Amino acid sequence: MTTTFADLELSANVLRAVEDVGYKTPTPIQQQAIPIVLQGRDVLGIAQTGTGKTAGFTLPMIDILSSGRAKARMPRSLILEPTRELATQVSENFELYGKYQKLNYALLIGGERFEEQSRLLDRGVDVLIATPGRMLDLFERGKILLADVKILVIDEADRMLDMGFIPDIERIVGLLPRIRQTLFFSATMPKEIRRLADAFLSNPKEIAVSPPSTTAENVQQFIARVSKDDKREALRRLLQSEEGLRNALVFCNRKRDIDAVYRALVKSGFNAGQLHGDMPQPTRTATLEKFKAGDIDLLVCSDVAARGIDISGLSHVFNYDVPMNAEDYVHRIGRTGRAGKTGRAFMIATPDDGKYVDAIIKLVKRAPETIAVEGLGEVAEDDGAGRRRRGGKRSEPSANGAVRERQAEPERQAGPERQAEPEPAAEGEADPPPRRETAGGRPAERSRDEAGRRGDRRRGRGRGRDQEDAHIPGDVMDERDDVPFAKADHVPAFLLRQVSIPKPSRNSKEAG
Ligand code: AMP
């Protein structure tokens, strides 16, 4: 028999709010977690975004907190999120599901004014949703007292680890009452996360749900192999030739490239926006709102900024850069093809990207379909060991003036020995994104200042040995407000070069 929300012992007010949202049946994590949370037990949830885990903890929390009142500066529950966007999303969930209850919420994220946040706290909040850095800042200023926290949620713990937030989390947990309910969620369980879960949780109920079908049948995947200098043109042509394109995320690996790609697209007449961690928070929020409302069609973004962002009906994802971590590819393309809808994901690969493409194919166990971009030559691919692979076919115009597709080449299947590892940056090239070290200096053991020193990571020393360890987003310091971040001071050479390629038939206002 199917479980319904009514079977989960939620209050009439919460059930009414859920009905208003239109959810028919609880997802597996909701079915398992909600009764346990309502019983007051700790939960260790192994689940990623897209599984419905947010409602899995917000719905029962609303009911638990509906009795009792918050005192000034003493939040009754605390939710820690790794990014501002996720924190904002969680607070929106509370607004939505808690609309028939009288609870006070506060969102503490970097980039917002201290005074306003402090005023909210003075009023007394039932639910405080925060990123770790900003939460500690306000605590240190004496604006928050944590002695009344009865429920703690640590969300996306593995992402917190990637971002170097674990020392902050450990500090925050040390400031909380020992008697409390703790809900701990992570998509993966590397050793360090397991250690934290053991330390923070008391006799937890462990709930693991399988990830949503991120790379499954509902997302069609394509790869276009082009030369480095043709990347921008390839993106433009793919965007122009995709007939069902409603809205798309365009992922870049480096923040400085995001701005350059965004400008090139706007100059070409596309309705684009950008999203990355160097932007002021109000601009980030406004941009995201515009994208969600359909006022912007294309959003050029970083992995961290777009992590977990839930945009219903996203039609396309473009990997302008091949992600250096295969898991990021899964997260990126999982933004589309959600909730039973179909989506299309494109990846633009250059000869240098061979081993990263192989790592992706190995992880998702499926090769994206190779496509040629009309008018652009397909190029040979470097396999990462200095060998060039076969390729180099010049494409022929297709009947509809769009891209011509052909079958993936069997030799592109990843060999077991190939792993995504960064090469040291060649002189004059853009730096690779920072890597997390595992040997002798994990971020978990670093101070914030140390975490800010990125030169060693950029050279790719001390690489991770397993999948979790190898996983690091392109701009891990995105959400740290206290670490100076290099501003975009470099425009990649390929964006400055004049391209002399025949223009496609429609909408071809040339950039730069
Ligand atoms: P999350 O994993 O919490 O990020 O949720 C992913 C998406 O699933 C969000 O768009 C939610 O609004 C949606 N969602 C959550 N619970 C349900 C449900 N029971 N039925 C349908 N959609 C849901």
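Over which ring does the charged end of Lys-231 sit? In this predicted model, that ring belongs to Tyr-320, and the charged end lies 4.7 Å from the ring centre. Lys-231 is also one of the buried residues of helix H10. That helix covers residues 231–241 and is mostly covered, with 11 of its 11 residues counted as buried. Besides Lys-231, the buried set includes Arg-232, Glu-233, Arg-236 and Arg-237, along with Leu-235, Leu-238 and Leu-239.

There's another charge-over-ring arrangement to look at: the charged end of Arg-134 sits over Phe-114, 4.0 Å from the centre of its ring.

Now for rings paired with rings. The count comes to 6 aromatic pairs. Take Phe-318 and Phe-346: their ring centres are 5.2 Å apart and the planes meet at 10°, so this pair is stacked, planes under 30 degrees apart being what that takes. The pair ties together distant parts of the chain, since Phe-318 belongs to strand E12 (residues 316–319) and Phe-346 to strand E13 (residues 343–349), 28 residues apart. Both Phe-318 and Phe-346 are buried, and together with Phe-222 they make up one aromatic cluster.

On to the ligand. It has 14 residues around it, the closest being Tyr-23, Gly-50, Gly-52, Thr-54 and Asp-310. That shell splits into 8 polar, 3 charged and 3 nonpolar residues. For specific contacts, a side-chain N or O atom of Tyr-23 is 2.4 Å from a ligand oxygen, while a backbone N or O atom of Gly-52 lies 2.7 Å from an oxygen atom of the ligand. A ligand nitrogen, meanwhile, is 2.8 Å from a side-chain N or O atom of Gln-30. Taken alone, the ligand exposes 500 Å², and the protein buries 75% of that.

Terms used:
Residues numbered from 1 in each chain as written. Predicted model: local features only at pLDDT ≥ 70, side-chain atom pairs only at ≥ 80, totals over all residues. Heavy atoms only, no water. Near = heavy atom within 4 Å. Polar contact = N/O pair within 3.5 Å; in protein donor to acceptor, adjacent residues only side chain to side chain. Areas by Shrake-Rupley, 256 points an atom, 1.4 Å probe, with all protein chains shown as cover. Nonpolar A, V, L, I, M, F, W, Y, C, P; charged D, E, K, R; others polar. Buried < 20%, exposed > 50% of the residue type's maximum accessible area, 1.4 Å probe, protein only. Helix = DSSP H or I, 4+ residues; strand = E, 2+ residues; numbered from the N terminus. Phe/Tyr/Trp six-rings, centres within 6.5 Å; stacked < 30°, edge-to-face > 60°. Lys NZ or Arg CZ within 6 Å of the ring centre and 35° of its normal.
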